[in-house]
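This report examines how aromatic rings are arranged in a protein and where empty space is found within it. Please view the sequence and the structure before reading on.

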Amino acid sequence: MKYYSLNKSAPSVSFKEATIKGLAPDKGLYFPEIIPAQPAAFFKDIQNYSNEEIAFRIIEPYIADEIPNEILKQIVTETINFDIPLKPVSDNVFSLELYHGPTLAFKDIGARFMSRCLGYFVKNNDKKVTVLVATSGDTGGAVANGFFNVDGVEVVILYPSGKVSSVQEKQLVTLGNNISAIEINGNFDDCQQLVKRAFADKQLNESLFLTSANSINVARWLPQQFYYLFAWKQWIDKNTPPVICVPSGNFGNICAGILAYASGLPVQHFIAACNSNKVIPDFLSTQIYQPKKAVATISNAMDVGDPSNFVRILELFHHKFHSLAKMLSSVSISDEETRTTISQVYNEHKYLLDPHGAVGYFALKNYLKIHPDNKGYFLETAHPVKFFDVVEPVIHEQIPIPESVRNILGKEKLSISMEPDYEDLKAFLLNK
């Protein structure tokens, strides 16, 4: 399998090269030359396969012989060794819980898979790899956990000051060792632009072995297909494919779902549920893509004003707007609607949502009111305890604290404050 740049001005590369480079030299995102199709019988008989078999079957064509099958199977097993249950919330709405991993967020899947692939690729390298990543919330903790103490890998995480939850921050600033956290005085888009500029800096890349662990990296993006397959395995009515609603910020997660759909996964419709950062809802209404400065919301991991992965979604639909709009809709949900949803769902169904899942639930419920013959699920992307400062005042109760969170709350913060100045970041990376 080869991967080409979506900017179409760079050579095609292998999975290994795409994983290590992260971003193509022409600043484009890598995209697979072929979307491997799975036969209909596979999806029809999916209950007959273990989760490990499903995940291996989906990912193997993207990697082929670049990682031996026995090692790839081990990587897959270690990636998904926690529960990913599909739970009923109401008669026609289900929740795919993606927060049972080590950092209580869906990004554990991609980060664990990528860290193990990268570890395999660089194990005999005499030059350390620097993983540079921007986070709007959960990516940082998942990447930090996935790469912690991986030999030959240094991790530098940029996050916006005051715009991630206290638990999210603790998960990325308390590890130390090979993990460096930089607190940027700005928003997520500032962090992302710094990372993109670093990858485009020829001098920096000649001095460092630089890669990224954001969802722009194919090794982070591709394995997120797994849980859409696991949800289908648990879906009871195989004659009626689900409507899938994904809380969306940088659009890597929903893009992985659409990729699984392109491979044959039965899906009725996708909904990208956004908060007040509504670049994509506006695009689907006007056909004009207009990036905007991100605004802070209580669903902070979705505070993105220029979602990088949307270009991959356009590529999946061959840049044909009619085909895209037929399969994908997108809505913007306010903070007030988010809080009201958390309260109502908890009171009526005794199901506790985090702010991102609440955005997804609200969008899905509204869609199903218009399409009452359908059923669907939303992605509950993070444990509510990660946003206790938002959720507890809404439900007027304390959320029980999982052991993994309790262990880090009292730890010292290890981070570096920095203005969104590229030269400062470059100097830090070169000196490190």
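The text below treats aromatic pairs, charges over rings, cavities, a pocket and one loop residue in turn.

**Aromatic pairs**

The model is predicted. A pair of aromatic rings is described by the distance of the centres and the angle of the planes. Across the whole structure, a search finds 18 aromatic pairs. One of them joins Phe113 and Phe226: the ring centres are 6.2 Å apart and the planes stand at 85 degrees, so this pair is edge-to-face. Because Phe113 belongs to helix α5 (residues 107–122) and Phe226 to helix α11 (residues 226–234), the pair ties together parts that are 113 residues apart in sequence. Both Phe113 and Phe226 are buried.

Another pair consists of Phe283 and Phe310. Their ring centres lie 5.4 Å apart with the planes at 80 degrees, so this pair is edge-to-face. Phe283 is part of helix α13 (residues 279–286) and Phe310 is part of helix α14 (residues 310–316), so parts that are 27 residues apart in sequence are tied together by the pair. Phe283 and Phe310 are both buried. Phe283 and Phe310 also take part in a cluster, in which ring pairs link them with Phe251, Tyr289 and Phe321.

**Charges over rings**

Lysine residues also meet aromatic rings in this model. The charged end of Lys238 sits over the ring of Trp232, at 5.1 Å from the ring centre. Lys350 lies over the face of Tyr346, and here the distance to the ring centre is 5.6 Å.

**Cavities and the largest pocket**

How many cavities of 30 Å³ or more does a search of the whole structure find? The search finds 3. The table gives the lining of two cavities and of the largest pocket by residue class.

| Space | Nonpolar | Polar | Charged |
|---|---|---|---|
| Largest cavity | 8 residues | 13 residues | 2 residues |
| Second largest cavity | 8 residues | 3 residues | 1 residue |
| Largest pocket | 9 residues | 1 residue | 4 residues |

The largest cavity holds about 240 Å³ of space. Its lining is made of 23 residues, and those nearest its centre are Phe106, Lys107, Gly249, Asn250 and Ala301. Helix α12 (residues 252–262) contributes the most to this lining, with 3 residues.

The second largest cavity contains about 50 Å³ of space. Among the residues that line the second largest cavity are Ser248, Gly249, Phe251, Cys274 and Pro307. Helix α13 supplies the largest share of this lining, 3 residues. Gly249 appears in the lining of the largest cavity and in that of the second largest cavity. Phe251, a lining residue of the second largest cavity, is also a member of the ring cluster described above.

The largest pocket has a volume of about 270 Å³. It is lined by 14 residues, and Lys21, Leu23, Pro25, Phe199 and Asn205 are the closest to its centre. Two or more lining residues come from each of α1 (15–21), α9 (202–207) and β9 (209–212).

**A loop residue**

Where does Asp421 lie? Asp421 is found in the loop between β14 (415–418) and α20 (422–431). Asp421 has a relative accessibility of 33%, so it counts as partly exposed, the range for that class being between 20% and 50%. A polar atom of the Asp421 side chain lies 3.1 Å from the backbone nitrogen of Asp424. Asp421 and Ala262 are 159 residues apart along the chain, and their C-alpha atoms are separated by 40 Å.

Note on methods: Residues numbered from 1 in each chain as written. Predicted model: local features only at pLDDT ≥ 70, side-chain atom pairs only at ≥ 80, totals over all residues. Heavy atoms only, no water. Phe/Tyr/Trp six-rings, centres within 6.5 Å; stacked < 30°, edge-to-face > 60°. Helix = DSSP H or I, 4+ residues; strand = E, 2+ residues; numbered from the N terminus. Buried < 20%, exposed > 50% of the residue type's maximum accessible area, 1.4 Å probe, protein only. Lys NZ or Arg CZ within 6 Å of the ring centre and 35° of its normal. 1 Å grid on protein atoms, 1.4 Å probe; cavity = no way out; pocket = protein on both sides within 12 Å on 5 of 7 lines; lining within 4 Å. Points joined across faces, edges and corners; volume = space filled by probe spheres on them. Nonpolar A, V, L, I, M, F, W, Y, C, P; charged D, E, K, R; others polar. Polar contact = N/O pair within 3.5 Å; in protein donor to acceptor, adjacent residues only side chain to side chain.
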